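Let's take a walk through this model together, one group of contacts at a time. Keep the structure open beside the text as you read.

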Amino acid sequence: MKTNNLDLFECTGTIGQFQMHQFMLIDHFSGEALGAAQLIVDQEKRFLTEVRVRDLFVSGRLRRKGYGKLILEGVIAKATECRAKQIAASVHRGNKQALGFFSAMGFVEPKLKAGAVPVHTQHVTLFRKIEP
């Protein structure tokens, strides 16, 4: 993907049943890396490809300028290409900025079923449905 002076590069490899996609957003004028993310695809799911975005980050001074959105849109496009029905992201509960970002990008925390006991961990897993 290319936007103005920005390029989103993708590198793909396979480790066992997992296909790994590394994304890096680069300003091609300065050569500076603005942010990155990783998409992991579990290829052994028979009817539903499980995909998970990991380690999405944007350099601190560059946040809130739309770079994270550009990276995540590239990740979601790859997940769609992999025929995933949803994408998951694990976020530290204390990272309010990341929780707000993923929420704004359509990720939600699933509601507990009646009678279910909540698991108290440091991370919350958010999901977003993927439309073909």
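A good place to begin is with charge: the structure holds 5 salt bridges. One of them joins the side chains of Glu-10 and Lys-78, with 3.4 Å from N to O. Glu-10 sits in strand S2 (residues 6-15) and Lys-78 in helix H1, so this contact ties together parts that are 68 residues apart in sequence. Bear in mind as you look that this is a predicted model.

How exposed are the two partners? Glu-10 is partly exposed, with a relative accessible area of 37%. Lys-78, on the other hand, has a relative accessible area of 12%. The cut-off for a buried residue is under 20%, so Lys-78 counts as buried.

Stay with Lys-78 for a moment, as it has another partner to show you. Lys-78 also forms a salt bridge with Glu-81, and here the closest N and O atoms are 2.9 Å apart. Both of these residues belong to helix H1, where they are 3 residues apart, or about one turn of the helix. Glu-81 is exposed, at a relative accessible area of 56%. Put these contacts together and you have a network of salt bridges linking Glu-10, Lys-78 and Glu-81. In that network, a buried lysine, Lys-78, meets a partly exposed glutamate, Glu-10, and an exposed one, Glu-81.

Another salt bridge pairs Arg-93 with Glu-109, whose closest N and O atoms are 4.0 Å apart. This pair links distant parts of the chain: Arg-93 is in the loop between S6 and H2, while Glu-109 is in the loop between H2 and strand S7 (123-129), 16 residues apart. Arg-93 counts as partly exposed at 33% relative accessibility, and Glu-109 is likewise partly exposed, with a relative accessible area of 45%.

Now step back to see how these elements are arranged along the chain. The protein has 2 helices and 7 strands, and from the N terminus on they run β-β-β-β-β-α-β-α-β. Of the 132 residues in the protein, 36% are buried. How confident is the predictor across the protein? The average pLDDT is 84, and 88% of the residues score at least 70. Confidence is lowest in strand S1 (residues 2-3), with a mean of 54, and highest in H2, at 93.

Next, turn to the aromatic side chains. The structure holds 2 aromatic pairs. In one, the ring centres of Phe-101 and Phe-102 are 5.3 Å apart and the planes stand at 75°, so the pair is edge-to-face. The other aromatic pair described here, Phe-102 and Phe-107, is also edge-to-face, with 5.1 Å centre to centre and 80° between the planes. These ring pairs link Phe-101, Phe-102 and Phe-107 into a cluster. Which of these rings are buried? Phe-102 and Phe-107 both are, with Phe-102 at a relative accessible area of 6%. Phe-101 is partly exposed, at 23%.

Two of these phenylalanines will turn up again at the largest pocket. That pocket holds about 690 Å³ of space. It is lined by 27 residues, and the closest to its centre are Leu-56, Gln-97, Ala-98, Phe-101 and Phe-102. The elements that each give two or more residues to the lining are strand S5 (50-58), helix H1 (67-81), strand S6 (86-92) and helix H2 (96-104). What kinds of residue make up the lining? By class, there are 13 nonpolar, 8 polar and 6 charged residues.

To finish, have a look at the backbone. Asp-55 has a phi near 50°, a positive value in a residue other than glycine. Asp-55 lies in strand S5, and counts as exposed at 51% relative accessibility. Arg-83 also has a positive phi, of about 65°, although it is not a glycine. You will find Arg-83 in the loop between H1 and S6, where it counts as exposed at 68% relative accessibility.

Terms used:
Residues numbered from 1 in each chain as written. Heavy atoms only, no water. Phe/Tyr/Trp six-rings, centres within 6.5 Å; stacked < 30°, edge-to-face > 60°. Buried < 20%, exposed > 50% of the residue type's maximum accessible area, 1.4 Å probe, protein only. 1 Å grid on protein atoms, 1.4 Å probe; cavity = no way out; pocket = protein on both sides within 12 Å on 5 of 7 lines; lining within 4 Å. Points joined across faces, edges and corners; volume = space filled by probe spheres on them. Helix = DSSP H or I, 4+ residues; strand = E, 2+ residues; numbered from the N terminus. Nonpolar A, V, L, I, M, F, W, Y, C, P; charged D, E, K, R; others polar. pLDDT = per-residue confidence, 0-100.
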